[in-house]
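Biologist: I am new to reading protein models. Could you walk me through this one, feature by feature?

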Amino acid sequence: MKITKVQIHPVAVKRRHRTVVGSGSGMEIPGADAAPTESEFAFLELETDEGISGVGEWSDLGQAFDPVAMQRQLEENLVGINPFDLEALFAHLQVDRSTCCAVDSALYDLMGRALEVPVYQLIGGRVRERVEVSWVVYIRQVKLISTEIQQMQEMGFNAFKLKVGADIGHDETCVRLIRQTAGPQAQIKLDASGVWSLEEAIAYIRRLEQYGLQGVESPVRGRCAADLARVREAVNTRIIEHVWDRWDYVLDLVHHQAVDIINLFPEGCGGIFRCKKVLAVAEAAGIEALLGSTVELGVGTAAQVHLGVSSPGITYPSDLIGPAMYQEDVIDPPFEYMNGGLAPRETPGLGVALDRAQLRRLKK
Ligand SMILES: [Mg+2]
């Protein structure tokens with residue numbers, strides 16, 4: 001089987017509300033009148049000489065994206081290759097991680113469709129029924145968070161990840177509110193988005209851990225494993241850190257005993273194939289993992305779900321909130337949460353189909 005054609009479909013979709021993460025004291029905290037955040041996406045379709053096609057996603061594009069130039073570049077690199085030749089392709093493909101992830105997803109979709117099995121069967125088989133999801137609560141005014149938590153609990157979510165790193169007083173009010181609203185059984189993680197100094201991280205975590213925290217992500221600025229280790233030593237809360245652009249960062253984290261949990265996701269690492277390699281290092285070191293997110297639509301979420309149900313190390317609730325955070329999706333049918341979790345579809349490949357009418361309507 002050989003790839004014969006590359007197509008790219010850019011779209012834009014609004015989130016349900018304005019989403020901001022911590023950037024320190026004095027940052028603007030969105031209220032009810034803040035316009036919803038709009039995210040740009042692109043979808044990759046690879047066709048083959050056997051009449052099978054596969055899809056991938058560029059999620060929440062943060063930079064200028066030129067679909068014409070990208071199509072040309074991918075045609076030069078992908079037309080004529082066998083979709084099963086992952087090692088050979090990724091050894092030479094000179095693209096950013098986001099593009100690498102889109103290609104990786106489309107190749108896994110193609111392989112699954114060619115063999116008529118769901119992707120999870122290609123990457124280890126199923127070790128759990130579904131991926132548990134922690135609803136991500138962005139920095140917002142307190143009364144909006146109160147309503148949001150109640151709504152998400154009614155949808156079945158019992159795990160939450162609160163973005164902190166605004167004013168510590170606001171952060172504490174929100175953590176206390178989530179604990180009171182969601183109850184003693186709810187799992188609550190914090191994500192400080194790397195905004196605190198070393199001293200602030202230690203002082204603030206000590207102040208907030210009375211509310212019962214499952215972990216704190218990116219507590220300290222600079223992505224320095226030695227600093228993370230100092231924070232971990234000083235507090236009684238588990239430490240979580242992202243592994244993405246640098247694979248070797250996972251080795252730094254291991255050497256410094258800096259974390260309890262890593263946060264990784266296909267868009268960050270460059271696809272399912274590379275995530276599995278990072279997970280192998282974490283497993284060898286006895287470090288657990290969760291799936292982070294750049295907040296994907298249906299195709300990207302599908303790749304995440306297949307990775308999540310096939311990876312024993314992903315033991316913490318993951319951040320796969322896209323299907324409930326965007327006002328619309330481009331797959332038909334869209335994903336639905338079951339008791340705060342997502343399960344893969346049993347149809348071949350990623351198990352999702354692009355909705356052509358939605359692609360036209362949401363075209364960027
Ligand atoms: Mg994070």
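Modeller: Gladly! Let's start in the loop between α12 and β12, where Asn-339 lies. Keep in mind that this is a predicted model.

Biologist: Is Asn-339 buried or exposed?

Modeller: Asn-339 has a relative accessible area of 62%, so it counts as exposed, the cut-off being over 50%.

Biologist: What is unusual about the backbone of Asn-339?

Modeller: First the general idea: most residues other than glycine have a negative phi. Asn-339, although not a glycine, has a positive phi of about 50°. Another such case is Asp-60, with a positive phi of about 45°. Asp-60 sits in the loop between β3 (53-58) and α1 (67-78), and at 23% relative accessibility it counts as partly exposed.

Biologist: And which peptide bond is cis?

Modeller: In general, most peptide bonds are trans. Here the bond from Asp-332 to Pro-333 is cis, with omega near 0°. Pro-333 belongs to the loop between α12 (322-325) and β12 (341-342).

Biologist: Let's step back to the whole chain. How many helices and strands does the protein have?

Modeller: There are 13 helices and 12 strands in the protein. Its radius of gyration is 20 Å, close to the 21 Å that the globule rule gives for 364 residues, so the protein is as compact as a globular protein of that length. Along its principal axes, the C-alpha trace spans about 60 × 45 × 35 Å.

Biologist: What share of the residues is buried?

Modeller: Buried residues make up 58% of the 364 residues. As for the outside, the accessible surface comes to about 14500 Å², and 46% of that belongs to carbon and sulfur atoms. You can also ask how contacts run along the chain: among those between residues at least 6 apart in sequence, 74% join residues at least 24 apart.

Biologist: How is the protein divided into domains?

Modeller: Domain 1 covers 3-120 + 355-361, and domain 2 covers 131-342. Their centres, taken over C-alpha atoms, are separated by 22 Å. The contact takes 45 residues from domain 1 and 48 residues from domain 2.

Biologist: Tyr-120 caught my eye. Where does Tyr-120 lie?

Modeller: Look in the loop between α3 (97-115) and β4 (131-132). With 5% relative accessibility, Tyr-120 counts as buried. Leaving aside residues up to four places away in sequence, Tyr-120 touches Gly-125, Arg-126, His-306, Val-309, Ser-310, Pro-344 and Glu-346. Sequence distance and spatial distance are separate things to check: Tyr-120 and Gly-349 are 229 residues apart in sequence, and their C-alpha atoms are 8.5 Å apart in space.

Biologist: Which helix holds His-306 and Val-309?

Modeller: Both are in α11, and both are buried there. In fact, 12 of the 12 residues of α11 are buried.

Biologist: How can I check the length of a helix like α11?

Modeller: Use 1.5 Å a residue: the 12 residues of α11 (residues 298-309) should span 16 Å, and the end C-alpha atoms are 16 Å apart, which agrees. Try it on α10 (residues 272-285) too: its 14 residues should span 20 Å, and its end C-alpha atoms are 20 Å apart, which agrees as well. Buried residues of α10 include Ile-272, Phe-273 and Leu-279. After α10 comes Gly-286, with a positive phi near 75°.

Biologist: Last topic: the metal. Which residues coordinate the magnesium ion?

Modeller: The magnesium ion is coordinated by Asp-191 (OD), Glu-217 (OE) and His-242 (NE2), at 2.0 to 2.3 Å. In sequence, these donor residues are spaced D-x25-E-x24-H. Asp-191 lies in strand β7 (residues 187-191) and His-242 in strand β9 (residues 239-242), so the pair ties together parts that are 51 residues apart in sequence.

Biologist: And are Asp-191 and His-242 buried or exposed?

Modeller: Asp-191 is buried, and His-242 is buried too. For practice, find Ser-146 in helix α4 (residues 142-155). At 18% relative accessibility, Ser-146 counts as buried, the cut-off being under 20%. Among residues more than four places away in sequence, Ser-146 touches Leu-177 and Thr-181.

Conventions:
Residues are numbered from 1 along each chain as its sequence is written. This is a predicted model: local features need pLDDT of at least 70, side-chain atom pairs count only at pLDDT 80 or more; totals for chains, interfaces and linings use all residues. Side-chain values use heavy atoms; hydrogens and water are left out. Donors are N, O and S atoms within 2.8 Å of the metal (3.2 Å for Na, K and Ca); water is not among the atoms, so sites may look incomplete. Helices (H or I, at least four residues) and strands (E, at least two) are DSSP runs, numbered from the N terminus. Buried means under 20% relative accessible area, exposed over 50%, partly exposed in between (1.4 Å probe, protein chains only). The expected span of a helix is 1.5 Å times one less than its number of residues. The radius of gyration is taken over C-alpha atoms; the globule rule is 2.2 Å times the number of residues to the power 0.38. Contact means heavy atoms within 4.5 Å. Accessible areas come from the Shrake-Rupley method with a 1.4 Å probe; for residues, only the protein chains shown count as cover. Domain bounds come from an automatic or database domain assignment.
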